[in-house]
Amino acid sequence: MKILLVHNEYGRFSGEETVFYGLVDLLRERGHEVRTFVRRSADLPAGAVGQVRGFLSGIWSFRARRALEEELDEHRPDIVQIQNLFPLISPSVLGAVRMRRLPLVMMCQNYRLFCPTGLMLRDGRPCSDCVVGGESQCVRHRCEGGLGRSVGYALRNKVARSRLLRWVDRFVVLSSFQRDRFVQWGVPMERIRVVPNFVDVAAGGGGAAPDAGAGSVGGYVGRLSREKGLEPLLEAARACPEIPFEFAGHAAAMPGIESTAPANVRFLGELRHDEVPGFLARCRFTAAPSIWYEGMPFVVLEAMRASRPVVASRIGGLADMIEDGRSGLLVAPGDSEGLARAFRRLWRDPEACSRMGAAARDRVHREYGRDVYYERMVSVYRETVKEVQP
């Protein structure tokens, strides 16, 4: 099969890029002819010039449309998959795919189809105002901080949403939670397929993983930001002075967070990807205390692959990933006391950590490996091609 994958990279390498390039490698390994159409936000010039260019191209990019048309005409793919269009690709490219009557799949790693920020979060709580009242709610609430950024995000989302809802043949979501929300917000069930993210199980080591019960710290790895639940996480750590914690990740979204942390929390900064296994080996458990409708974090899959139980919020895709009491523990989002109780339970019971960690690793092997992911994605491609080009 000839497949074209379209993606605008974010300013910093993220879990979305990990999944995108992992899919490229996986499809090529299995004999498919894969082309990528990639633009990089990091290529925008700094300062006001870059902001203006990003604003204009995010709404409509003639340059990206022409480039994609050349790609489509030269290589004639069987199917096109898009992921992120902003800010350098834009919804302008959708018409080029539609005019050629090519099957179109959209990978939905977040909620940007309905929310300009992609998070469905405002003032620390889930928010669906833009679903009901349109993208003007983003401007009204200044969801991107200033008026200018909020207007830009709202405009580009408004232009994109109607075209995506009309022209995308299959929306690929990460969890049953996300599927149910999309249906609730107007996407027909028959146009949605659930394909969870994947992790390379073999990369985690072929033999037995280190025993979680022997871990010496409680861990967090990921972006240090409010939607990830860092504030209740710090409160929970403060309530557990007997447990040493290590947090790994960049703090650009929460400058100065280190100064608010209790003495038992150590910040490691952002780790290289090859440093993550060593970090996880030190952990007795890890935390994923998100307060937004979390998708399927790659760092949680990595922790499960490393046989680490995860204490996670019962929200979004996390509730699909973690079997409460079996492969980890679930607590209410934003509940610092619930987090603290879960941390103490695992810290005081190394045998339970070992047992849950082994169950987490087994779940990754069964549900989130490369082979399972490949079969699910190719099944989506085949049925979409058959439907659009019978």
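Seven of the eight residues of helix H11 are buried, so this helix is largely enclosed by the rest of the structure. That is a good place to start a tour of this predicted model.

**Helix H11 and its surroundings**

The buried residues of H11 are Phe 298, Val 300, Leu 301, Glu 302, Ala 303, Met 304 and Arg 305. They pack against a varied set of neighbours: H1, helix H10 (276-282), strand S12 (283-288), S13, H12 and helix H14 (350-367). Right after the helix comes Ser 307, which has a positive phi near 65°.

Two of the names in that buried list carry charged side chains that pair up. Glu 302 and Arg 305 form a salt bridge, with N and O 3.7 Å apart. Both residues belong to H11 and sit three residues apart, about one turn of the helix. In an α-helix there are 3.6 residues to a turn, so residues three or four places apart point the same way. Both Glu 302 and Arg 305 are buried.

**Two nonpolar cores**

The largest nonpolar core has 66 residues, and those with the most contacts inside it are Val 80, Ile 82, Leu 164, Phe 182, Met 304 and Met 321. Helix H11, spanning residues 298-305, gives the most to this core, contributing five residues. Apart from that core lies another, of 30 residues, including Ala 236, Ile 243, Phe 247 and Phe 343. As background, nonpolar side chains in soluble globular proteins tend to be buried together.

Each core has a phenylalanine worth a look on your screen. Setting aside neighbours within four places in sequence, Phe 182 is in contact with Cys 108, Asn 110, Tyr 111, Leu 113, Phe 114, Val 173, Val 187 and Ile 192.

The other is Phe 343, found in helix H13 (residues 336-348). Is Phe 343 buried or exposed? With a relative accessible area of 0%, Phe 343 is buried. Again leaving out neighbours within four places in sequence, its contacts are Leu 233, Ala 236, Cys 240, Ile 243, Phe 245, Phe 285, Ala 287 and Val 311. Two of these contacts, Ala 236 and Ile 243, are also named among the residues of the 30-residue core. For orientation relative to the end of H11, the C-alpha atoms of Phe 343 and Ser 307 are separated by 16 Å, and the two residues are 36 apart along the chain.

**Helices H3 and H4**

How do helices H3 and H4 pack, and at what angle? H3 (residues 62-75) and H4 (residues 92-99) pack at an angle of about 30°, with their axes 8 Å apart. That angle makes H3 roughly parallel to H4, and their crossing is right-handed. From H3, the contact is made by Ala 64, Arg 65, Leu 68, Glu 69 and Leu 72. The H4 side supplies Ser 92, Val 93, Gly 95, Ala 96, Val 97 and Met 99.

Six of the eight residues of H4 are buried, so H4 too is largely enclosed by the rest of the structure. Those six are Ser 92, Val 93, Leu 94, Gly 95, Ala 96 and Val 97. Their cover includes H3, strand S3 (79-82), strand S4 (104-107) and helix H7 (147-167). Just after H4, Arg 101 takes a positive phi of about 55°.

**Salt bridges**

The model has 29 salt bridges in total. Three of them are set out here.

| Pair | N to O distance |
|---|---|
| Glu 29 and Arg 370 | 3.0 Å |
| Glu 302 and Arg 305 | 3.7 Å |
| Arg 314 and Asp 324 | 3.4 Å |

Glu 29 pairs with Arg 370 through a salt bridge. Glu 29 lies in helix H1 (residues 15-29) and Arg 370 in helix H15 (residues 370-388), so this pair ties together parts that are 341 residues apart in sequence. Glu 29 is exposed, with a relative accessible area of 51%.

Arg 314 and Asp 324 also meet in a salt bridge. Arg 314 is in the loop between strand S13 (310-313) and helix H12 (318-321), and Asp 324 is in the loop between H12 and strand S14 (328-331), so the pair ties together parts ten residues apart in sequence. Arg 314 is partly exposed at 43% relative accessibility, and Asp 324 is partly exposed with a relative accessible area of 44%.

Finally, salt bridges with shared partners join Arg 170, Arg 193, Glu 383 and Glu 387 into one network.

Definitions and conventions: Residues are numbered from 1 along each chain as its sequence is written. This is a predicted model: local features need pLDDT of at least 70, side-chain atom pairs count only at pLDDT 80 or more; totals for chains, interfaces and linings use all residues. Side-chain values use heavy atoms; hydrogens and water are left out. A nonpolar core is a set of buried Ala, Val, Leu, Ile, Met, Phe, Trp, Tyr and Cys residues joined through side-chain atoms within 4.5 Å. Buried means under 20% relative accessible area, exposed over 50%, partly exposed in between (1.4 Å probe, protein chains only). Helices (H or I, at least four residues) and strands (E, at least two) are DSSP runs, numbered from the N terminus. Contact means heavy atoms within 4.5 Å. A salt bridge is a side-chain nitrogen of Lys or Arg within 4 Å of a carboxyl oxygen of Asp or Glu. Axes are lines fitted to C-alpha atoms, for helices over the stretch in contact, and angles run from 0 to 180 degrees between N-to-C directions. Angles under 35 degrees count as roughly parallel, over 145 as roughly antiparallel, 65 to 115 as roughly perpendicular and the rest as oblique. A crossing is left-handed if the near helix is turned anticlockwise from the far one by less than a right angle, and right-handed if clockwise.
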